[in-house]
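Good morning, colleagues. I should like to take a few minutes to walk through one model with you. Please have the sequence and the structure open as I speak.

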Amino acid sequence: VEFSPDGQNIVSSSFDNTIRLWDVNTGKEIKTMEGHSNWIFDVKYSPDGESIVSSSLDYTIGIWNVKSGERVNTLKGHSDVVWKAQYSPDGCNIVSCSRDKTIRIWDVKSGKQLKILKGHSHYVRDVKYFPDGQTIVSCAWDKTIRLWDVKTGEEIQKLEGHSGSVNGVDVSSDGNTFVSCSRDKTICLWG
């Protein structure tokens with residue numbers, strides 16, 4: 001679930017294979033988007049609020065037009081469940097992570113896969129861009145957090161500190177700090 005950039009709508013994903021848009025003020029559903037053949041784990045708005053990216057158990061990533069509700073592209077390349085997908089800060093690329101142990105960077109307009117980032121030894125559970133769009137942070141069930149250079153696709157740093165699988169990461173708005181959460185029942189701040 002996520003607020004639109006203007007705060008007027010909410011997008012939600014569901015195990016009923018749908019994406020739904022909701023009006024914040026009325027609480028009413030605006031539209032339902034269908035097209036995935038299995039559960040949808042996550043949805044995120046583009047920075048301009050005109051598109052939505054979805055990640056699914058059907059191994060695909062959907063790009064949806066908010067106004068029409070139509071799927072405008074399907075990104076295929078992962079060989080297992082796609083847990084998360086997110087737009088780059090400039091809205092030109094999408095980064096995704098999967099149970100196939102990879103992170104992938106995609107061009108939004110063409111739908112072309114630009115890079116495959118490999119290094120995690122277990123399911124990659126979350127991935128986020130830093131605000132400058134030059135660095136990606138990922139986390140996985142291998143108990144690590146990794147930083148990646150967007151331009152080269154190379155791993156910059158591997159961080160260890162959790163004793164259990166790492167399930168989520170987020171980056172502060174200034175890009176100076178990021179946070180991780182783990183099955184070990186801890187949250188770690190990294191700077």
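**Strand β14 and its surroundings**

Let me begin with a single pairing: I136 faces W148, which belongs to β15. Before I go further, I should say that this is a predicted model.

The two strands concerned are β14 and β15, the latter covering residues 144-149, and they are joined in the antiparallel sense by five bridges. Three residues separate them in a hairpin, and in that turn K143 has a positive phi of about 75 degrees.

On its other pairing, β14 meets strand β13, residues 124-129, again antiparallel and again over five bridges. One bridge to point out there sets K128 against V137 of β14. This hairpin has five residues between its strands, and the residue with a positive phi of about 75 degrees in the turn is G133.

How many of the six residues of β14 are buried? The count is six of the six for residues 135-140, so the strand is largely enclosed by the rest of the structure. In a regular strand, side chains alternate between the two faces of the sheet. In β14 both faces are covered: one side carries T135, V137 and C139, the other I136, S138 and A140, and all of these are buried.

**Strand β9 and Y87**

I turn now to strand β9, residues 82-87. Five of its six residues are buried, so β9 too is largely enclosed by the rest of the structure. Its antiparallel partner is strand β10, residues 93-98, and five bridges connect the two. Within that pairing, Q86 has V95 of β10 as its bridge partner. The β9-β10 hairpin has five residues between the strands, and G91 takes a positive phi near 80 degrees.

Y87 lies in β9. Is Y87 buried or exposed? With a relative accessible area of 5%, Y87 is buried, the cut-off being under 20%. Leaving aside neighbours within four places in sequence, its contacts include K44, Y45, S46 and P47, as well as I52, V53 and I63. N93, I94, V108 and Y129 are also among the residues that Y87 contacts. Y87 and K128 are 41 residues apart along the chain, and their C-alpha atoms are separated by 8.8 Å. K128 is the residue we met earlier as the bridge partner of V137.

**The sheet of β1 to β4**

Next, an open sheet. Its four strands follow the order β1-β2-β3-β4, with antiparallel pairing. β1 (2-3) and β4 (29-34) stand at the edges, each with a single partner strand, so one side of each has no neighbour in the sheet. Between β3, residues 18-23, and β4 there are five bridges, in the antiparallel sense. There, R20 has T32 of β4 as its bridge partner.

**The protein as a whole**

To close, the overall picture. The protein has 19 strands and zero helices. Its radius of gyration is 16 Å, which agrees with the value near 16 Å for a compact globule because the chain has 191 residues. Its C-alpha atoms fill a box of roughly 45 × 35 × 30 Å along the principal axes.

Buried residues account for 49% of the 191. The protein exposes about 9400 Å², of which carbon and sulfur atoms supply 46%. Of the contacts between residues at least 6 apart in sequence, 35% join residues at least 24 apart. Finally, there are 23 positive and 25 negative side chains, and the centres of the two sets lie 5 Å apart.

Definitions and conventions. Residues are numbered from 1 along each chain as its sequence is written. This is a predicted model: local features need pLDDT of at least 70, side-chain atom pairs count only at pLDDT 80 or more; totals for chains, interfaces and linings use all residues. Side-chain values use heavy atoms; hydrogens and water are left out. The radius of gyration is taken over C-alpha atoms; the globule rule is 2.2 Å times the number of residues to the power 0.38. Buried means under 20% relative accessible area, exposed over 50%, partly exposed in between (1.4 Å probe, protein chains only). Contact means heavy atoms within 4.5 Å. Accessible areas come from the Shrake-Rupley method with a 1.4 Å probe; for residues, only the protein chains shown count as cover. Lys and Arg count as positive and Asp and Glu as negative; His and the chain ends are not counted. The place of a charge is taken as NZ of Lys, CZ of Arg, CG of Asp or CD of Glu. Two strands pair if DSSP finds at least two bridges between them.
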